[in-house]
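This briefing covers selected local features of one protein chain. The topics are strand pairing, a helix and its surroundings, backbone angles, and charged or polar side-chain pairs.

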Amino acid sequence: MNSLTLFCPCAAGVESYLAQECRAILGGEPTALAAQRGGVSLQASWSEMMQLNLRTRLAQRVLIQVKSGFYRGEEDLYTLAKSVPWEMWFKHEQTFKVEITAQYSPLKSLNFAALKVKDAVADRFRDLKGVRPSVDVKWPHVRIYVHLTQDQMLLSVDTSGEPLFKRGWRLDKGEAPLKETLAAAMLAASGWEAQSGLALYDPCCGSGTIAIEAAQIDCHIAPGMFRQFGFENLLPFQASSWQTIKNRARQEERAPTRAIYGSDVSHRMVDFAQQNAVRAGVAHAIEFRGGDALVRMPPCETAGMLMVNPPYDERMSALGVAGAGKGLGRERAQMNSAAAWAHKSPSREHAHAPVSASESENVSASSDFFSLLASHWKKNFSGWQAWVLTPNLKLPGQMRLKESRRVPLWNGPIECRLFKFDMVKGSHTGVKKAGPEA
Ligand SMILES: C[S@@+](CC[C@H](N)C(=O)[O-])C[C@H]1O[C@@H](n2cnc3c(N)ncnc32)[C@H](O)[C@@H]1O
């Protein structure tokens with residue numbers, strides 16, 4: 001178990017950040033580390049595999065590659081799969097499931113291909129132990145991953161179990177929650193962690209994903225601290241060494257070093273975010289408030305970083321001031337309770353004061369959320385850097401802002417850009433020219 005070949009899949013666009021994260025987690029240059037399309041491969045020990053599962057924020061899972069070979073038809077898949085010593089990995093009393101993905105495979109049915117692999121695994125146990133293990137498609141003890149290219153089959157044992165974006169703390173979520181791994185990718189792309197002391201503010205925080213990920217990074221809380229992993233069901237697993245790894249991670253936890261804020265026009269979402277933060281161990285590190293992003297003033301006096309995944313489609317259209325006149329007036333009442341934020345932090349009262357009713361009335365004359373947001377930021381958030389994730393590639397034009405960076409990221413199947421805008425005092429266009437796509 002000292003030299004496992006691992007593959008950590010991740011969202012497209014995140015590969016280089018994940019490679020960097022693997023270096024940071026394992027300390028130094030891992031053997032054979034390579035960023036590939038859709039993930040990172042490396043050689044690592046069993047203990048390092050556990051550490052990666054515990055500490056990665058960007059990988060979707062960690063797979064151990066156990067076999068690869070040429071195939072032409074389903075029979076080849078059966079033969080290759082039956083040659084793997086599965087009895088090294090799990091017992092026949094345990095349940096398993098076969099997951100299959102393919103790129104350019106000539107096979108007609110991937111379901112049938114998965115069935116052949118399932119039969120091969122079960123038949124191997126039957127030949128050895130006289131019993132076939134059962135399949136459980138919902139909560140299997142063990143997941144086997146098959147990846148087919150045009151003529152190659154790759155077989156892996158999954159060590160993560162539930163996908164790693166499920167950190168175990170987000171039980172409450174809204175209609176369009178951001179995957180934790182994508183929130184972490186936004187933070188990695190922005191370089192926020194390296195900018196010591198820089199405050200972070202998500203003005204459309206929803207269930208709080210960006211703020212909670214950021215607070216865990218700041219407090220050195222490992223993302224996998226509150227969940228279980230697939231490797232705990234595998235035969236090489238030793239509870240004592242896993243406990244040692246977790247204890248070490250616990251000892252690295254620390255108090256917050258910077259301010260993190262989140263607000264949302266929906267008070268229901270703010271409640272969700274608050275409860276999620278409690279479960280994630282960072283309630284003390286974040287200030288959540290209700291309020292319209294078009295009205296909320298900076299939560300602190302020193303310029304920081306805005307990071308937001310704003311409402312972007314019909315299902316998630318902007319509420320608050322921009323939604324007024326679209327039958328969403330009830331949210332405006334909630335917006336004005338923004339004053340509550342100021343009450344909690346008297347020293348920041350000035351910074352948090354909501355705009356006056358008349359100013360708010362003026363704003364509500366227009367319904368274009370993004371141009372209003374840009375005006376609000378230009379006027380009130382000078383010196384801040386704003387990072388906005390959107391599938392709308394024309395967003396900078398609509399905001400009449402010039403982005404200084406644009407990073408391609410994928411939100412599941414949706415191609416997005418993470419735009420960076422530098423809010424400069426007195427400027428109405430932003431300062432820097434757009435750089436090349438990162
Ligand atoms: C795409 S969701 C954000 C999801 C969030 N990142 C999460 O992980 O749950 C957009 C959020 O914007 C909020 N929203 C809509 N209009 C708003 C406004 N004018 N001001 C502040 N928040 C608003 C919605 O309530 C929703 O929670």
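Ile-144, in strand 6, stands opposite Val-157 in strand 7. The model is predicted, and the points below start from the strands around this pair before turning to helix 1, a loop and the salt bridges.

**Strand 6 and its partners**

- Strand 6 spans residues 142–148 and is mostly covered, with 6 of its 7 residues buried.
- On one side, strand 6 pairs with strand 7 (residues 152–158) in the antiparallel sense, over 5 bridges.
- The connection from strand 6 to strand 7 is a hairpin of 3 residues.
- Strand 6 also pairs with strand 5 (residues 96–102), here in the parallel sense and over 7 bridges.
- In that pairing Glu-99 stands opposite Tyr-145 of strand 6.
- Helix 4 (residues 110–129) completes a β-α-β unit with strand 5 and strand 6, and the unit is left-handed.

**The loop between strand 5 and helix 4**

- Tyr-104 lies in the loop between strand 5 and helix 4.
- The phi angle of Tyr-104 is near 60 degrees, which is a positive value in a residue other than glycine.
- Is Tyr-104 buried or exposed? Its relative accessible area is 72%, and with the exposed class set at over 50%, Tyr-104 is therefore exposed.
- Ser-105 is found in the loop between strand 5 and helix 4 as well.
- The side chain of Ser-105 makes a polar contact of 2.9 Å with the side chain of Tyr-71.
- The side chain of Ser-105 also reaches the backbone nitrogen of Leu-107, at 3.2 Å.
- Beyond its neighbours within four places in sequence, Ser-105 is in contact with Tyr-71, Leu-148, Thr-149 and Gln-150.

**Helix 1 and what follows it**

- Helix 1 covers residues 15–26, 12 residues in total, and extends 16 Å from its first C-alpha to its last. That span is close to the 16 Å expected at 1.5 Å a residue.
- Which residues of helix 1 are buried? They are Glu-15, Tyr-17, Leu-18, Ala-19, Glu-21, Cys-22, Ile-25 and Leu-26.
- An α-helix has 3.6 residues a turn, so residues three or four places apart point the same way.
- The cover over the buried residues of helix 1 includes strand 1 (4–9), strand 2 (34–36) and strand 3 (39–44). Helix 2, helix 5 (180–190) and strand 13 (405–411) are also among the covering elements.
- Gly-27 follows helix 1 and has a positive phi, near 75 degrees.
- Ala-32 is placed in the loop between helix 1 and strand 2. Its phi is near 55 degrees, again a positive value in a residue other than glycine.

**Salt bridges**

- Side chains of opposite charge can pair when their charged atoms come close.
- How many salt bridges does a search of the whole structure find? The search finds 23.
- Glu-213 and Arg-57 meet through their side chains in a salt bridge, at 2.7 Å from N to O. This pair links distant parts of the chain, with the two positions 156 residues apart: Glu-213 is in helix 6 (residues 209–218), and Arg-57 is in the loop between helix 2 (46–55) and strand 4 (63–70).
- Buried means under 20% relative accessible area. Glu-213 is therefore buried, at 0%, and Arg-57 is buried at 8%.
- Glu-162 forms a salt bridge with Lys-166, with 3.2 Å between the closest N and O atoms. Here Glu-162 is partly exposed at 26% relative accessibility, and Lys-166 is partly exposed at 38%.
- Glu-415 and Arg-417 form a salt bridge between their side chains, at 3.1 Å from N to O. Glu-415 counts as partly exposed at 36% relative accessibility, whereas Arg-417 counts as buried at 8%.
- Lys-82, Lys-118, Asp-119, Asp-123, Arg-126, Asp-127 and Arg-132 are joined into one network by salt bridges that share partners.

How values were computed. Residues numbered from 1 in each chain as written. Predicted model: local features only at pLDDT ≥ 70, side-chain atom pairs only at ≥ 80, totals over all residues. Heavy atoms only, no water. Buried < 20%, exposed > 50% of the residue type's maximum accessible area, 1.4 Å probe, protein only. Helix = DSSP H or I, 4+ residues; strand = E, 2+ residues; numbered from the N terminus. Pairing = 2+ DSSP bridges. Right-handed = clockwise from strand over helix to strand, strands pointing away. Salt bridge = Lys/Arg side-chain N within 4 Å of Asp/Glu carboxyl O. Expected span 1.5 Å × (residues − 1). Contact = heavy atoms within 4.5 Å. Polar contact = N/O pair within 3.5 Å; in protein donor to acceptor, adjacent residues only side chain to side chain.
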